[in-house]
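Here are my notes on the structure you sent round. Have it open while you read, since I go through it point by point.

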Amino acid sequence: MLLELSRHGSMGAVADLLGVTTSTVSQQIAALGRAVGTPVVEPDGRRVRLTPPGRRLAEHAVGVLGALEEARAAVDPAAEPRGTVRVASFATAVRRSLLPVIETLASAHPDVHLQVLELEPPEALAAIAADEVDLALTYDYTLARAASDDVLDSYPLWQARWCLAVPDAVARDLGPEPGTAVEVLGAVADRDWIVNSRHTADEDVLRTVAALAGVSPRVTHRADSLDLVRDLVAAGLGVGLVPEALPPRPGVVAVPLHEPDVVLRCFALVRRGRGAWPPLAAVLDLLPADADD
């Protein structure tokens, strides 16, 4: 509770996160203070804040909780993995990383089962922080890197190059050699843009490259599905970033982006120390770490 209080800032938020009452959080935090011999929180208006000893203890909590997870796994390391691994993942990683391992997992570890929840990275990170999932498959871009989190262990999986999806007419205007990513975005500066509706990473990439081009993109449409993004592009409603590896779609041209390259990076994230839990370790061992697309 102290660790979550240090991250979320209020007892009410911790109570909501852990599914208990605010009174329970308050009582447990007070009991912790009595146990360590000094208050770990102090009043801050109508809220509370961690005292200096409380902040130091919260920093140690990351390692303490990780050590507890390792201890649980060490109790019976030779046992056949058994249990349900809850996974939050964005749709592409479900198809590319999870579906290929299901048959192998069923054969090698028949008592390990996957429970899949399709979530974008911010949602997946919230789910793993709330202990609603055991494994999160997330992504960032080389031009929009996600912040590191010292309570999570990260395992790189694969990378994929992204391009700019434009209508046929716009592709003809760009010509056969549209130039660098900066030049391409400068050339489509007057177009409407389509970005993700549940994550801002692709919009961050767009604005980074647009700033290098000296233009300000006009974001008009937001869509979660890559197929829908390309449908909107084909309808002439705008342009948007999509993976290069997508199959061709009539009415849409994929314009390569380089200098700078736009590359998505996929990661597997688990709470620190929990990767040693046998069912989760079995899944992590099977996740393909592919070469770049």
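The points below start with the whole chain and then go region by region.

1. **Overall picture.** Keep in mind that this is a predicted model. The protein chain has 11 helices and 11 strands, and its C-alpha atoms fill a box of roughly 70 × 55 × 30 Å along the principal axes. Of the 293 residues, 42% are buried. If you take contacts between residues at least 6 apart in sequence, 77% of them join residues at least 24 apart.

2. **The N-terminal span.** The UniProt record, an unreviewed entry, lists residues 1–51 as "domain: HTH lysR-type". In the model that span is 59% helix and 16% strand, and the C-alpha atoms at its two ends lie 15 Å apart.

3. **Gly33.** Have a look at helix 3 (residues 22–36), where Gly33 sits. Gly33 counts as buried because its relative accessible area is 9%, under the 20% cut-off. Setting aside residues up to four places away in sequence, Gly33 touches Thr38 and Val40. For a sense of distance, Gly33 and Trp193 are 160 residues apart in sequence and 52 Å apart in space, C-alpha to C-alpha.

4. **The cavity.** How many cavities of 30 Å³ or more does a search of the whole structure find? The search turns up 1, and the largest cavity holds about 30 Å³ of space. Its lining is made of Leu185, Val188, Ala189, Trp193, Leu206, Ala210, Val215 and Pro217. Trp193, used as a distance marker for Gly33 above, is thus also one of the lining residues.

5. **Ala210, a lining residue in helix 9.** Ala210 belongs to helix 9 and lines the largest cavity. Its relative accessible area is 1%, so Ala210 is buried. Beyond its neighbours within four places in sequence, Ala210 is in contact with Leu185, Val215 and Pro217, and these three residues are also in the cavity lining. The C-alpha atoms of Ala210 and Val233 are separated by 19 Å, with their positions 23 residues apart along the chain.

6. **Glu203, also in helix 9.** Is Glu203 buried or exposed? Its relative accessibility is 10%, so Glu203 counts as buried. Glu203 lies in helix 9 (residues 201–213), and its side chain makes a polar contact with the side chain of Arg222 at 2.9 Å. Apart from residues up to four places away, Glu203 touches Val195, Val219 and Arg222. If you are checking the side chains here, the Glu203–Arg222 pair is the one to pull up.

7. **His199, just ahead of helix 9.** His199 is placed in the loop between strand 7 and helix 9. Loop or not, His199 counts as buried because its relative accessibility is 14%. Which residues does His199 contact, leaving aside its neighbours within four places in sequence? They are Glu120, Pro121, Pro122 and Tyr139.

8. **Helix 10 and its buried side.** Helix 10 (residues 226–234) has four names on its buried list: Val229, Arg230, Leu232 and Val233. They cover an arc of only 155° around the axis, so they sit on the same side of helix 10. An α-helix has 3.6 residues a turn, so residues three or four places apart point the same way. The buried residues of helix 10 pack against strand 6 (152–167), strand 7 (192–195), strand 8 (218–222), strand 9 (239–243) and strand 10 (252–256).

9. **The ends of helix 10.** At the start of helix 10, a side-chain oxygen of Ser225 comes to within 3.2 Å of the backbone nitrogen of Asp227. After the helix comes Gly236, with a positive phi near 80°.

10. **Backbone oddities at Glu259 and Pro260.** Last point, and one for anyone checking torsions. The peptide bond from Glu259 to Pro260 is cis, with omega near 5°. Glu259 is not a glycine, yet its phi is positive, at about 55°. Both Glu259 and Pro260 lie in the loop between strand 10 and strand 11 (263–271). Glu259 counts as exposed because its relative accessibility is 56%, over the 50% cut-off.

Methods
Residues are numbered from 1 along each chain as its sequence is written. Side-chain values use heavy atoms; hydrogens and water are left out. Buried means under 20% relative accessible area, exposed over 50%, partly exposed in between (1.4 Å probe, protein chains only). The arc is that of the directions from the helix axis to the C-beta atoms. Contact means heavy atoms within 4.5 Å. A polar contact is a pair of N or O atoms within 3.5 Å; within protein, one must be able to donate a hydrogen and the other to accept it, and residues adjacent in sequence count only if both atoms are side-chain atoms. UniProt positions are given in the numbering used here, feature names are shortened, and annotations may be inferred rather than shown by experiment. On a 1 Å grid over the protein atoms alone, a cavity is a set of points where a 1.4 Å probe fits but cannot get out, and a pocket is an open set with protein on both sides within 12 Å along at least five of seven lines; lining residues have an atom within 4 Å of a point. Grid points are joined across faces, edges and corners, and a volume is the space filled by probe spheres set on the points.
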